[in-house]
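Hi,

Here is the structure I said I'd pass on. Have a look at it first, and my notes on what turned up are underneath.

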Number of protein chains: 2
Amino acid sequence: MTAFKKAIVLVSGGLDSTTTLAIAQALDFECYALSFDYGQRHIAELQAASLVAEKYNVKDHKIINIDLGQIGGSALTDNAIDVPKSPTAGIPVTYVPARNTIFLSYALAFAEVVGASDIFIGINAVDYSGYPDCRPEYIKAYEQLANLATKAGVEGTSFTIHTPLIALSKATIIEKGVALNVDYALTVSCYLADKKGRACGVCDSCRFRKAGFATANIADPTHYQ
Amino acid sequence: MTAFKKAIVLVSGGLDSTTTLAIAQALDFECYALSFDYGQRHIAELQAASLVAEKYNVKDHKIINIDLGQIGGSALTDNAIDVPKSPTAGIPVTYVPARNTIFLSYALAFAEVVGASDIFIGINAVDYSGYPDCRPEYIKAYEQLANLATKAGVEGTSFTIHTPLIALSKATIIEKGVALNVDYALTVSCYLADKKGRACGVCDSCRFRKAGFATANIADPTHYQ
């Protein structure tokens, strides 16, 4: 591993992406953080993203405004659709159409501009909510696309999309993060967080997080409402 | 072909995308137009896109604001880089990192929300400027990605990205468009168009367009500065 190899890290301000940033830094990548303001209900996550980016002293942190509200189709981007407060069958209404595809496309642009060939995204296929764009086969297809899509790819760059959490349970993610001194009190995962970033405790995201701390037998530092 | 099958059509207001919209309509698709305000220098293109969308009476026209200027890296999004006025070697500085990847990711989101499985994009691999994201192998990779990325894909939708112009010369595109009654006077292709949409006549995009009309032996209706 070359020290100071550049990487783009998608940082939402939640538990998973913060752990991912800690992992990328532990691997000696020079990290460029990328966050999105996409009309999500949990805007407190973005404030958390800024705190996290600052704490990890990233080289640059861009917050890109992407108006997914104009496209809608999800409980996270359309106020007419309620966020469920108990488990639901199938892919839940919090699924945002093509969200990770949009996120990764910006990450790819940012990577090409700064000369990075590594992108980190904290997706997870274990304790996830059934989102199709959190699966390993999706990430593989994206890497192939990235190499074909870009000038860098044509010129020989081979992009790697790192998903260090993809096969980990929430409890293992938390254990890994704690070992890397991640301060989870800074992070906000709740779909319905209030303005101060306090979590509802009952949405899908809160339930997975809560259960993760319980299983890991680590005190949950989350600020609840 | 079922009448009124829905399609997303990327409409920039230029010659190629307008021809593509005319082709999609001739194939009886119910068209949803999608344009991007990405801090491009040729903002007159967007005014043209609105005129074109209106003329073709599309079902919906969304203009998504995407701040590629924040990412930069191209003569079209960074004012510090000049648009070349004569041919250059290799992939030109007008290449916008991951642009079509970003565009298609929004098109995919829009398609999923309206229930379309068809996306039309007017890219061209013949008289193109050497952009990697205008190649057939790139489009094939994107289709594979789209099926893996989405809830619709998981549920059995197979997305098709139509590139009706990909193998055509600019002259043939123009002939096809004229046969479909496209009014090219409405369209703006110039990278350096003025506020009234008048073309410079010397940038890559103007040169390809001009030569296309000349080769097709069709009077060029472009408004030049």
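**The sheet in chain B**

Chain B has an open sheet built from five strands in the order 3-2-1-4-5, with parallel pairing. Its edges are strand 3 (60-65) and strand 5 (160-162) of chain B, each of which pairs on one side only. Going from one strand to the next, the twist averages 25°.

If you want a spot to zoom in on, try strand 2 (residues 29-37) of chain B, which pairs with strand 3 of chain B in the parallel sense over six bridges. There, Ala33(B) stands opposite His61(B) in strand 3 of chain B.

**How far to trust it**

Bear in mind that this is a predicted model. Chain A averages a pLDDT of 89, and 95% of the residues score at least 70. For the complex, the predictor gives an ipTM of 0.87 and a pTM of 0.90.

**Chain A, end to end**

Chain A has seven helices and five strands. Read from the N terminus on, its elements go β-α-β-α-β-α-β-α-α-β-α-α. The radius of gyration of chain A is 17 Å, close to the 17 Å that the globule rule gives for 225 residues, so chain A is as compact as a globular protein of that length. If you need a box for setup, the C-alpha atoms of chain A fill one of roughly 50 × 40 × 30 Å, taken along the principal axes.

The sheet here is also worth a look. Chain A has an open sheet of five strands, order 3-2-1-4-5, and the pairing is parallel. Strand 3 and strand 5 (160-162) of chain A are the edge strands, each pairing on one side only. The twist from one strand to the next averages 25°.

Further in, strand 1 (residues 5-10) of chain A pairs with strand 4 (residues 118-120) of chain A in the parallel sense, over three bridges. Ile8(A) is the residue that stands opposite Ile119(A) in strand 4 of chain A.

As for what packs on the sheet, helix 2 (residues 44-55) of chain A lies across strand 2 (29-37) and strand 3 of chain A. This helix runs at about 165° to strand 2 of chain A.

**Where the two chains meet**

On to the interface. Contacts link 37 residues of chain A with 37 residues of chain B. Which elements of chain A give two or more residues to the side that touches chain B? They are strand 3 (60-65), helix 3 (99-114), helix 4 (136-149) and helix 5 (151-154) of chain A. Helix 3 of chain A supplies the largest share of that side, nine residues. Sorted by class, the side of chain A that touches chain B has 21 nonpolar, nine polar and seven charged residues.

**Symmetry**

How do the two copies relate? A turn of 180° with a shift of 0.0 Å along the axis lays chain A on chain B with an RMSD of 0.0 Å. That is the relation of a two-fold axis. The same surface serves both copies, since 100% of the contact residues of chain A recur in chain B.

That's everything from my side for now. Shout if anything looks odd when you open it up.

Cheers

Definitions and conventions. Residues numbered from 1 in each chain as written. Chains lettered and ligands numbered in written order. Predicted model: local features only at pLDDT ≥ 70, side-chain atom pairs only at ≥ 80, totals over all residues. Contact = placed C-beta atoms within 7 Å. Helix = DSSP H or I, 4+ residues; strand = E, 2+ residues; numbered from the N terminus. Nonpolar A, V, L, I, M, F, W, Y, C, P; charged D, E, K, R; others polar. Pairing = 2+ DSSP bridges. Axes fitted to C-alpha atoms, helices over the stretch in contact; angles between N-to-C directions. Least-squares fit on C-alpha atoms with pLDDT ≥ 70 in both. pLDDT = per-residue confidence, 0-100. Rg over C-alpha atoms; globule rule 2.2 N^0.38 Å.
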